[in-house]
Structure formats: C-alpha cells, structure tokens
Amino acid sequence: MTLIVVATIDALADHIDAVRAALEAVVPPSRAESGCLRYELHLDNKIPTRFIMLEEWTDKAALTAHDTTPHFKALVAAVGDKVVKIDVAELSKLK
C-alpha cells in the first residue's frame, strides 16, 4: 500500500518568494527518487502564504529515504526561519 503525504507549509509573509523558490527547487529531484509516485507543489488560493505539497510514496521506507536526501535537507535548511509552521500528515488510503 502506498503512503500519501500532505505537507502544509505556512511561510512568513515577507519570505513567500524565498519559501516558494526552495519548495520549487526540491520538486524535480524528489520526483526522480525511485520510491516517489507523486510530488506536487500547490499554492492555497485563499491563503497566499500557504503552500501544500502532495506526495505519494511506494511505502514508508521510500519516504524515510527521501528525508535523508541532500535536496530535502537543503529545503529544510532554506525554509527553517522563513516559515510560521509546517504540518505533515501521513495518510493511508482506505478505499
């Protein structure tokens, strides 16, 4: 069963562009990972400081491997002091 991840990233208002650039940069290398089935960046239409990353991984091990990649570590470092909060939900599809 695949693992779905919904990551909500709330940027500080004066850092929207920097957070967006960092998030956009991580998409191509993440999509190239062997366990990645989907990795899509979205902007909330009602909250301009909120980004949503929709991800699908072959399993938990693939997500764990993703978290150790240089591009993911660079993302974490780049947005660390530029966000209000990051919420990550890991979901299992029931039907």
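**Notes on the fold: one sheet and its helices**

1. Let's start at a loop: alanine 32 sits between H1 and S2. With a relative accessibility of 64%, alanine 32 counts as exposed, because exposed here means over 50% relative accessible area, buried means under 20%, and partly exposed lies in between (1.4 Å probe, protein chains only). From C-alpha to C-alpha, alanine 32 and valine 79 are 22 Å apart in space, with their positions 47 residues apart in sequence.

2. A word on what you are looking at. This is a predicted model, in which local features need pLDDT of at least 70 and side-chain atom pairs count only at pLDDT 80 or more, while totals for chains, interfaces and linings use all residues. Residues are numbered from 1 along each chain as its sequence is written, and side-chain values use heavy atoms, leaving out hydrogens and water. The helix and strand labels are DSSP runs numbered from the N terminus (helices: H or I, at least four residues; strands: E, at least two).

3. Now the sheet. Four strands form an open sheet in the order S2-S3-S1-S4, paired in the antiparallel sense; two strands pair if DSSP finds at least two bridges between them. At the edges are strand S2 (36–43) and strand S4 (83–91), each of which pairs on one side only. On average, neighbouring strands of this sheet are turned by 10° against each other, direction ignored. Axes are lines fitted to C-alpha atoms, for helices over the stretch in contact, and angles run from 0 to 180 degrees between N-to-C directions. As a reminder, strands of a sheet pair through backbone hydrogen bonds, either parallel or antiparallel.

4. If you want to trace the pairings by eye, try S1 (residues 3–11) with S4, an antiparallel pair with eight bridges; here alanine 7 has valine 88 of S4 as its bridge partner. S1 also pairs with S3 over eight bridges, again antiparallel, and leucine 3 stands opposite tryptophan 57 in S3. S2 and S3 are antiparallel over seven bridges, and a hairpin of six residues joins S2 to S3. Opposite arginine 38 you will find glutamate 56 in S3, and opposite leucine 41, methionine 53 in S3.

5. Which residues does threonine 8 touch, leaving aside those up to four places away in sequence? They are Arg50, Phe51, Ile52, Lys85, Ile86 and Asp87, where contact means heavy atoms within 4.5 Å. Threonine 8 belongs to strand S1 and, at 16% relative accessibility, counts as buried.

6. Helix H1 (residues 16–31) lies across S1, S2, strand S3 (50–57) and S4, and runs at about 165° to S2. Its end C-alpha atoms are 23 Å apart, which agrees with the 22 Å that 16 residues should span at 1.5 Å a residue; the expected span is 1.5 Å times one less than the number of residues.

7. The buried residues of H1 are Val19, Ala22, Leu23, Val26, Val27 and Ser30. Seen down the axis of H1, these buried residues fall within an arc of 155°, so they line one face of the helix; the arc is that of the directions from the helix axis to the C-beta atoms. They pack against S1, S2, S3, helix H2 (60–66), helix H3 (70–79) and S4. Turned away from this buried side is a face with the exposed residues Asp17, Ala25 and Pro28.

8. H3 has a buried set of its own: His71, Leu75 and Val79. Seen down the axis of H3, these fall within an arc of 55°, so they line one face of the helix. Their cover includes H1, H2 and S4, whereas Pro70, Lys73 and Ala77 on the other side of H3 are exposed.

9. Finally, how do H1 and H3 cross, and how close do their axes come? The axes come within 9 Å and cross at roughly 175°. H1 and H3 are therefore roughly antiparallel to each other, since angles under 35 degrees count as roughly parallel, over 145 as roughly antiparallel, 65 to 115 as roughly perpendicular and the rest as oblique. On the H1 side, Val19, Ala22, Leu23, Val26, Pro29 and Ser30 meet His71, Phe72, Leu75, Ala78 and Val79 in H3.
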